[in-house]
Amino acid sequence: MIIGLLNQKGGVGKTTLSVNLAASLSRTGARVLLIDADPQGSALDWAAARQAEQIFSVVGLPRATVHKEIGQIGQGYDHIVIDGPPRVTDLARSAIMAADVVLIPVQPSPYDIWAAEEVVKLIEEARIYKESLKAAFVVNRKIANTAIGRDVREALAAYPVQVLASSVTQRVVFAEAAAQGLAVHEIDQNGSAASEIEAVAAELMEFAR
Ligand SMILES: Nc1ncnc2c1ncn2[C@@H]1O[C@H](COP(=O)(O)OP(=O)(O)OP(=O)(O)O)[C@@H](O)[C@H]1O
Ligand SMILES: [Mg+2]
């Protein structure tokens, strides 16, 4: 399965969810490759900060040819996660064309909901060439028991892209883990952050089948 984490909006959690989903998928023994398709190289920074043993491979490929190169680069892997760039449209387009399923993180804020229009347009455009392309929103940095946390689903329903039932809460452990090049389950195996990531991964695999 090739999962692309995309959103033209910056700072929504593409890299955070990419590394944690890759880690979650590799927990089951699957061979996982994380492609950093962002010129900022944040996923590569994450890998460089890591002192623990590597649990999945990370390569940098910030080129608009990811969709052409992925067949060769992805050989021998069970799952590939692509951490997409913000803004740069040609790179995002290529990452979308490379993916079987696009996961779009959105924060529960009106700005994020409005900005999602851009990535939805790219998805619709890609579907002209690739009818089978699947895409879903995932709410990230949800703040428990807030009205905006509930309203975001309703607002996103206006787009022709599904919203995953599972979401990810705003938790300090995501930043703490990233600082050490770790996944949240490596900090707290039974923690709420780890179980939310597991739930997103499971729902996504089911959705993309
Ligand atoms: N669920 C969360 N809880 C707490 N902090 C989070 C969460 N998700 C992301 N963050 C923090 O938000 C910031 C932005 O996240 P991240 O870098 O993953 O976003 P991005 O979409 O990859 O950004 P960019 O568009 O710049 O690539 C980071 O500091 C990250 O630690
Ligand atoms: Mg990023």
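## The shell around ligand 1

The residues surrounding ligand 1 split into nine polar, five nonpolar and four charged; here Ala, Val, Leu, Ile, Met, Phe, Trp, Tyr, Cys and Pro count as nonpolar, Asp, Glu, Lys and Arg as charged, and the others, Gly among them, as polar. This is a predicted model, where local features need pLDDT of at least 70 and side-chain atom pairs count only at pLDDT 80 or more, while totals for chains, interfaces and linings use all residues. Residues are numbered from 1 along each chain as its sequence is written, ligands are numbered from 1 in the order in which they are written, and side-chain values use heavy atoms, leaving out hydrogens and water.

In total, 18 residues surround ligand 1, and the closest are Lys-14, Thr-15, Thr-16, Arg-141 and Arg-171 (a residue is near if one of its heavy atoms lies within 4 Å). Helices (H or I, at least four residues) and strands (E, at least two) are DSSP runs, numbered from the N terminus. With three residues, α1 gives the most to this shell.

Here are some contacts with oxygen atoms of ligand 1, each a polar contact (a pair of N or O atoms within 3.5 Å):

| Residue | Protein atom | Distance |
|---|---|---|
| Val-12 | backbone N or O | 3.0 Å |
| Gly-13 | backbone N or O | 3.0 Å |
| Gln-40 | side-chain N or O | 3.2 Å |

Taken alone, ligand 1 exposes 630 Å², and the protein buries 80% of that (Shrake-Rupley method, 1.4 Å probe). The elements giving two or more residues to the shell are α1 (14-26), β6 (134-142), β8 (168-169) and α7 (172-179).

Note on methods. A polar contact is a pair of N or O atoms within 3.5 Å; within protein, one must be able to donate a hydrogen and the other to accept it, and residues adjacent in sequence count only if both atoms are side-chain atoms.
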